[in-house]
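Student: I have a structure in front of me and don't know where to begin. Could you walk me through a few features?

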Amino acid sequence: MKNITKKFGDFTANDSIDLTVHKGEVHALLGENGAGKTTLMNVLYGLYEPTFGEIYINGNRIEIKNPNVAIKNGIGMVHQHFMLVETFTVVENIILGMETTKSMGIIDMKKATKEVEEISKKYGLHVDPHVKIQDISVGMQQRVEILKALYRGADVLILDEPTAVLTPQEIEEIIQIMKNLTKQGKTIIIITHKLKEIKQSADYCTIIRRGKKIDTVKVDEVTEEDLASMMVGREVSFKVDKKDADVGETILNLDNLVIKDNRNLKAVKELSLELKRGEILGIAGVDGNGQSELIEGITGLRPIESGTVKLNNENITNLTPKEIIEKRLSNIPEDRQKRGLVLDFTVGENIILENYHKEPFSSKGRLNHKKISEYSKELIEKFDIRPRNDKQMARNLSGGNQQKIILAREISNNPDVLIAAQPTRGLDVGAIEYVHKYLIEQRDKGKAVLLISFELDEIMNLSDRIAVIFDGKIVDILDAKNADEKTLGYLMAGGGVKNETK
Ligand SMILES: Nc1ncnc2c1ncn2[C@@H]1O[C@H](COP(=O)(O)OP(=O)(O)O)[C@@H](O)[C@H]1O
Ligand SMILES: [Mg+2]
């Protein structure tokens with residue numbers, strides 16, 4: 001790609017970008033949210049026509065007017081949000097739009113199934129062609145998208161943030177799949193802002209910042225710190241600076257909690273834990289060991305079967321979420337789009353979501369839009385939410401800025417306890433640093449933070465104490481200073497649990 005510029009009105013999303021990718025390599029595109037990565041790849045895939053610039057494939061200039069031209073030239077793209085028909089099977093999705101027919105227009109499903117199976121096997125995708133999309137995991141759906149591109153003859157595969165939606169296990173698998181693909185001569189362009197994954201999977205990395213190309217580097221020759229500072233344009237510290245914890249009295253007391261999951265099985269099993277003022281208590285654990293149910297129980301979103309939750313010595317067990325918020329417990333939920341925001345409300349409306357019924361935001365049952373706007377503009381400024389527009393729909397903001405809306409709302413409620421679940425999932429390093437700063441600030445103000453994260457690095461960097469959850473119970477609590485990855489990993493896998501004989 002030579003000199004690619006893409007403007008949307010006055011805004012320049014790509015500014016004279018050059019990108020060279022060689023056959024058989026994994027090439028990472030790195031940049032913060034909004035840097036212009038997806039736009040550049042949409043240009044390559046023919047979804048956008050560049051304002052200026054040229055594209056050469058195997059030395060030939062090609063005008064990629066639409067995705068059909070891209071596909072014809074061996075370029076395939078897997079978007080961040082999958083585009084599959086939920087009620088169709090895998091094979092039906094893969095052949096959609098290019099069905100081969102037998103006589104009388106009957107689709108040759110046997111042939112298609114066989115072809116899909118062959119490709120799946122060749123690249124180690126392990127996809128079952130007969131299952132329906134709605135019945136398979138997100139990780140599997142992603143592989144179906146990859147298969148779909150390969151079935152159409154893709155030699156260059158563009159993956160837009162493929163790991164954002166995956167579990168650590170699935171991430172390892174997709175990295176392996178990428179290796180299988182390049183071994184067989186395919187070329188991969190992977191958009192990501194996860195430095196660790198670039199180190200694990202990519203040969204080259206091109207860094208884009210605010211629409212401009214910063215550099216293309218050989219991944220072997222740079223550190224994660226180098227990549228991070230090229231990405232955000234300043235030094236980024238991975239080490240979180242914090243002074244020693246000044247720990248006070250117990251503020252949240254969980255005693256013998258039993259909470260059931262959606263299948264009506266016990267997910268939290270007689271769990272007890274104390275959270276103290278002035279500390280960040282991290283809960284380390286593999287996804288699915290009761291973390292989500294625990295948070296939902298504490299915050300009133302899911303019934304607690306037995307046991308008690310006390311906040312400031314007051315019993316808040318099974319109060320409504322609204323009552324619990326009033327008792328000054330705030331929550332940064334795991335799923336920011338489903339639970340943290342109303343996507344079709346404005347930024348301003350989302351900011352007052354927990355206070356809309358109070359003065360000065362409403363009186364006598366009517367919203368006071370002027371006051372709401374004043375207040376939210378103040379927070380937008382303070383929390384650096386971009387764009388600076390309280391009337392913008394939350395849906396239209398990047399993930400990092402959506403998270404800032406939630407932070408702004410929850411922290412401005414002046415909570416005693418802040419529960420932060422996966423607070424930095426899917427965010428880039430700049431935004432991560434920002435979220436961490438606010439969590440530590442809460443702690444230093446003498447509040448308490450309960451941090452739930454699947455990222456061990458995050459838990460180890462931020463926490464003062466680390467509780468390990470396994471199978472719905474806390475199996476051990478360590479002082480963060482003495483905790484290392486190996487010990488935590490062992491405990492998280494159930495290594496510390498004694499075999500009880502009944
Ligand atoms: N269709 C569009 N119309 C207007 N602006 C857009 C459009 N697509 C992207 N942008 C803007 O271009 C910038 C780069 O977006 P994008 O390429 O999606 O970033 P990235 O993938 O690096 O996060 C963002 O500021 C975004 O708001
Ligand atoms: Mg993008």
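**Reading pockets, a ligand and a helix**

Tutor: Let's begin with a pocket; keep in mind that this is a predicted model. The second largest pocket has a lining of 21 residues, and Val21, Tyr56, Ile57, Asn58 and Val156 are the ones nearest its centre. Strands E5 (56-57) and E9 (187-192) are the elements that each give two or more residues to that lining.

Student: How does one find empty space like that, and what volume lies in the second largest pocket?

Tutor: The general idea is to roll a probe the size of a water molecule over the atoms, which shows where empty space is left. Here, the second largest pocket holds about 580 Å³.

Student: How many nonpolar, polar and charged residues are in its lining?

Tutor: The lining of the second largest pocket counts 10 nonpolar, 8 polar and 3 charged residues.

Student: Now the ligand. Which residues surround ligand 1?

Tutor: Among them are Phe8, Phe11, Ala13, Glu32, Asn33, Lys37 and Tyr48. By class, this shell has 5 nonpolar, 5 polar and 2 charged residues.

Student: Which atoms of the protein should I look at beside ligand 1?

Tutor: Try the backbone before the side chains. A polar backbone atom of Ala35 is 3.1 Å from an oxygen atom of ligand 1, and one of Gly36 is 2.9 Å from an oxygen atom of the ligand. Then turn to Tyr48, where a polar side-chain atom lies 3.3 Å from a nitrogen atom of ligand 1. On its own, ligand 1 has 550 Å² of accessible area, and the protein covers 61% of that.

Student: Which elements give two or more residues to the shell?

Tutor: Those are strand E2 (11-17) and helix H1. H1 gives the most, with 3 residues.

Student: Is H1 mostly buried or exposed?

Tutor: A general idea to start with: an α-helix has 3.6 residues a turn, so residues three or four places apart point the same way. In this case, 7 of the 8 residues of H1 (residues 37-44) are buried, so the helix is largely enclosed by the rest of the structure. The buried ones are Lys37, Thr39, Leu40, Met41, Asn42, Val43 and Leu44. Just after H1 comes Gly46, with a positive phi of about 80°.

Student: One last stop: where is Asp390?

Tutor: Look in the loop between helix H13 (369-382) and helix H14 (399-412). Asp390 has a relative accessible area of 7%, so it counts as buried. Its side chain makes a polar contact of 2.8 Å with the side chain of Ser373.

Note on methods. Residues are numbered from 1 along each chain as its sequence is written. Chains are lettered from A and ligands numbered from 1 in the order in which they are written. This is a predicted model: local features need pLDDT of at least 70, side-chain atom pairs count only at pLDDT 80 or more; totals for chains, interfaces and linings use all residues. Side-chain values use heavy atoms; hydrogens and water are left out. Buried means under 20% relative accessible area, exposed over 50%, partly exposed in between (1.4 Å probe, protein chains only). Helices (H or I, at least four residues) and strands (E, at least two) are DSSP runs, numbered from the N terminus. On a 1 Å grid over the protein atoms alone, a cavity is a set of points where a 1.4 Å probe fits but cannot get out, and a pocket is an open set with protein on both sides within 12 Å along at least five of seven lines; lining residues have an atom within 4 Å of a point. Grid points are joined across faces, edges and corners, and a volume is the space filled by probe spheres set on the points. Ala, Val, Leu, Ile, Met, Phe, Trp, Tyr, Cys and Pro count as nonpolar, Asp, Glu, Lys and Arg as charged, and the others, Gly among them, as polar. A residue is near a molecule or strand if one of its heavy atoms lies within 4 Å of it. A polar contact is a pair of N or O atoms within 3.5 Å; within protein, one must be able to donate a hydrogen and the other to accept it, and residues adjacent in sequence count only if both atoms are side-chain atoms. Accessible areas come from the Shrake-Rupley method with a 1.4 Å probe; for residues, only the protein chains shown count as cover.
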